[in-house]
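Here's a quick tour of one model, written for someone who likes to click through the residues while reading. Load the structure and follow along.

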Amino acid sequence: MVNHFVQEFKRKHKKDISGNPRALRRLITSCEWTKRSLSSTAQTTIEINSLFEGIDFYSTITRVRFEELNMDPFRKCMEPVEKCLRDAKMDKSTIHDVVIVGGSTRILRVQQLLQDFFNEKELCKSINPESLTKLLPMALLSRLLSLAERGMRRSMWVERTRPRDNNLLGKFELNGIPPAPTGVPQIIVCLTLMPTVF
C-alpha cells in the first residue's frame, strides 16, 4: 500500500517521496491506520498534511483495491501454516480449532484464505490479540512442555509476577502420556506467528 501511494503522489504531484525518510515514515504510519480501518469498512481515506515539500496528500482506497495490492503477501501468510502441518505430519482435516491472533489475521482477506484452507472451519477470534502475540510463544511452549512431562490437566496462563495480572488463555488436556522421567516424553509443539503485512 505504501508503494501504491508513493506512485500516486508521484503521478499527481510529479515528485518522488521514496528518498525522503520522514515523508515515508509518515506515509507508513498512515497506511497502518488505513489498513486497520479496512478491516471494518469497505472504503477509507488517507490524509496527510504537508507530506512532502508542503504538499498535502489526500486519497481514498477500497478494501478490494487493498486486497488486490497485497494478494501475494497474503498468500505468503499461508506458507507457515502449510509448513507447520507438513512438519507435524498432520492433515488439515485433523485440526479441531483454528485460533487466529494479531498482525495480518485482522485482515478480512487473510481470514478468508485461512477459512478456505481449513475447509470453511469457523475461526476462533475471541482471544485478545494484543497480549497474546507478545507473550504467548515462549510462555505457551514452556507450559506445554512442562505439562507434557507431568501429564496432568491444567489451565494455560500467560505467566506474570502477580497472579491477578495473568490472563487465562484457555484450557486443554493432555492424555495418554505415561509417567516418565523429566525430558523423556518427546512431544512436538508447532507455533505459527503470522507476519504483519503492510
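Right after H5 comes Asn-119, and its phi is positive, near 55°. Keep in mind that this is a predicted model. H5 itself spans residues 108–117, and its buried residues are Val-110, Gln-111, Leu-113, Leu-114, Gln-115 and Phe-117. Helix H4 (71–87) and strand S4 (123–124) are among the elements covering them.

Now over to H2, residues 21–37. With 17 residues, this helix reaches 24 Å from first C-alpha to last, close to the 24 Å expected at 1.5 Å a residue. At the N-terminal end, Asn-20 does the capping: one of its side-chain oxygens sits 3.1 Å from the backbone nitrogen of Arg-22. H2 buries Ala-23, Leu-27, Ser-30, Cys-31, Glu-32, Thr-34 and Lys-35. Here's what those buried residues pack against:

| Partner of H2 | Residues |
|---|---|
| Helix H1 | 2–13 |
| Strand S1 | 43–52 |
| Strand S2 | 55–62 |
| Helix H3 | 63–69 |

So much for single helices; what about the core? The largest nonpolar core has 33 residues, and the ones touching the most other members are Phe-5, Ile-17, Leu-27, Leu-51, Leu-114 and Phe-118. Two or more residues each come from H1, H2, S1, S2, H4 and H5, with H4 giving the largest share, 5 residues.

Which residues does Leu-51 contact, leaving aside neighbours within four places in sequence? They are Phe-9, Ile-17, Ala-23, Arg-26, Leu-27, Asp-56 and Phe-57. Of these, Ala-23 and Leu-27 are also on the list of buried H2 residues.

Technical notes:
Residues numbered from 1 in each chain as written. Predicted model: local features only at pLDDT ≥ 70, side-chain atom pairs only at ≥ 80, totals over all residues. Heavy atoms only, no water. Helix = DSSP H or I, 4+ residues; strand = E, 2+ residues; numbered from the N terminus. Expected span 1.5 Å × (residues − 1). Buried < 20%, exposed > 50% of the residue type's maximum accessible area, 1.4 Å probe, protein only. Contact = heavy atoms within 4.5 Å. Polar contact = N/O pair within 3.5 Å; in protein donor to acceptor, adjacent residues only side chain to side chain. Core = buried A, V, L, I, M, F, W, Y, C linked by side-chain atoms within 4.5 Å.
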